[in-house]
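Visitor: Please pick one part of this structure and go through it closely, including what it touches and what comes just before and after it in the chain.

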Amino acid sequence: MNGKIIKIYGRHYNVLAGGRVFDCSLRGAIRRDERMKRFSDPAAVGDKVEFDILDDGSGLITSICDRRNMFSRKDSSSRKEDVIAANIDRIVVIQCYGEPRLNPRFVDRILVRGMKESVETLLFINKSDLADDFTRGYIQRYYALSGLRIIEVSALDGSGIDDVRELLGNGISVFTGYSGVGKSSILNSVYPGLELRTTDVSESTGKGRHTTTNVQLVMRDEGCGVIDTPGMREFGLMDIEPEDLQDFFPEFAKLRGRCRFSECTHDHEPQCEVKDHVERGDIDEDRYISYLNILNSLKEYRARRY
Ligand code: GDP
Ligand code: ZN
């Protein structure tokens with residue numbers, strides 16, 4: 001049979017096929033496959049798989065189809081790559097007014113990740129019922145030249161929910177953001193009847209980093225669904241070379257070739273066009289600092305590798 005993995009817990013894989021969900025395990029040979037060694041788990045939510053139905057009604061996954069793309073995480077401390085979701089059509093970063101506080105540096109890392117995978121990435125700012133002009137102005141300036149599409153929404157009073165439903169109208173979307181921003185609340189208002197659990201902000205703060213086992217795909221119908229990734233805090237971008245980081249900041253990439261040094265990383269180099277733009281206020285300074293922050297982590301990682 002052919003199906004799609006919609007949920008993983010431990011070594012169990014829930015596979016959706018023909019409207020039914022099968023509890024499957026993974027054939028040992030797939031786990032031992034050399035090409036799978038770089039991943040913490042060879043299978044991911046969103047994977048298309050082939051499986052056999054066993055006598056007891058459970059399933060055995062016999063092969064995983066090639067992926068169109070993947071949304072994965074690898075930080076400098078972990079040896080293996082966690083694939084959070086496979087075969088996705090868009091990434092939605094969710095932030096909010098109020099608490100937990102808006103964190104554009106987290107958004108920037110995911111934007112880089114999405115651009116690297118050539119997957120459309122959007123920003124939802126939830127809790128617009130708590131919006132203040134200062135924060136709104138700040139974030140608009142921050143992303144003014146980035147090309148990022150920002151959608152304000154409130155799961156509480158329903159504003160923006162129709163836009164969200166339309167934006168998620170086809171394909172598979174990944175929801176990512178700290179716990180407490182309102183991912184479950186938005187999903188519940190967009191797809192009423194799914195009855196997803198919501199958590200209090202206070203309850204969620206103690207969560208660890210390795211929560212990918214809780215990732216699940218909520219399908220609205222064939223070909224349309226949302227993969228909810230609870231409470232992720234860190235995103236490694238260790239597969240990107242420092243010199244290439246600028247390609248994933250569109251407002252910098254536009255200035256490529258205009259600095260004095262052709263290899264300019266827009267850091268300490270003299271006569272840098274990007275820095276000139278920052279000084280003139282044409283590029284937001286905090287966005288630039290966020291770039292430097294990622295750049296330094298990539299440079300440090302490279303220094304440790306050699
Ligand atoms: P998740 O951890 O990202 O899934 O967040 P939840 O959906 O569990 O929501 C976290 C908290 O934020 C809950 O206490 C919600 O009631 C609250 N919340 C969610 N959406 C909104 C909103 O639009 N406005 C306000 N004021 N609170 C919200
Ligand atoms: Zn430069």
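Guide: What follows starts with one helix, moves to the loops at its ends, and then to a few places elsewhere.

This is a predicted model, where local features need pLDDT of at least 70 and side-chain atom pairs pLDDT 80 or more, while totals for chains, interfaces and linings use all residues. Residues are numbered from 1 along each chain as written, chains are lettered from A and ligands numbered from 1 in written order, and side-chain values use heavy atoms, without hydrogens or water.

The part is helix 2, residues 104-116. Helices (H or I, at least four residues) and strands (E, at least two) are DSSP runs numbered from the N terminus.

One partner of helix 2 is helix 9, residues 285-305. Their axes (lines fitted to C-alpha atoms, over the stretch in contact for helices; angles run from 0 to 180 degrees between N-to-C directions) come within 10 Å and cross at roughly 60°. The two helices are therefore oblique to each other (under 35 degrees is roughly parallel, over 145 roughly antiparallel, 65 to 115 roughly perpendicular, the rest oblique). The crossing is right-handed, meaning that the near helix is turned clockwise from the far one by less than a right angle; anticlockwise would be left-handed. Helix 2 brings Arg105, Asp108, Arg109 and Leu111 to the contact (heavy atoms within 4.5 Å), and helix 9 brings Arg287, Ile289, Ser290, Asn293, Ile294 and Ser297. By class, three of these residues are nonpolar, three polar and four charged (Ala, Val, Leu, Ile, Met, Phe, Trp, Tyr, Cys and Pro are nonpolar; Asp, Glu, Lys and Arg charged; the others, Gly among them, polar).

Another partner is helix 3, residues 133-142, whose axis lies 12 Å from that of helix 2, at an angle of about 30°. That angle makes helix 2 roughly parallel to helix 3. This crossing is right-handed. From helix 2, Pro104, Arg105 and Asp108 meet Tyr138, Ile139 and Tyr142 of helix 3. The residues of this contact divide into four nonpolar, no polar and two charged. Arg105 and Asp108 appear in the contact with helix 9 and in the one with helix 3.

Now the loops. The one between strand 8 (90-96) and helix 2 holds Pro100. A cis peptide bond joins Glu99 to Pro100, with omega about -10°. The loop between helix 2 and strand 9 holds Ser118. Ser118 is not a glycine, yet its phi is positive, about 55°. With a relative accessible area of 68%, Ser118 is exposed (buried is under 20%, exposed over 50%, partly exposed in between; 1.4 Å probe, protein chains only).

His266 offers a parallel case: it is not a glycine, and its phi is positive, about 60°. His266 sits in the loop between helix 7 (250-253) and helix 8 (273-280). At 1% relative accessibility, His266 is buried.

Ile61 is buried too, at 0% relative accessibility. Its place is in strand 5, residues 59-64. Although 37 residues separate Ile61 from Cys24 in sequence, their C-alpha atoms are 6.4 Å apart. Leaving out residues up to four places away in sequence, Ile61 touches a set that includes Ile5, Tyr13, Val15, Cys24, Val49 and Phe51.
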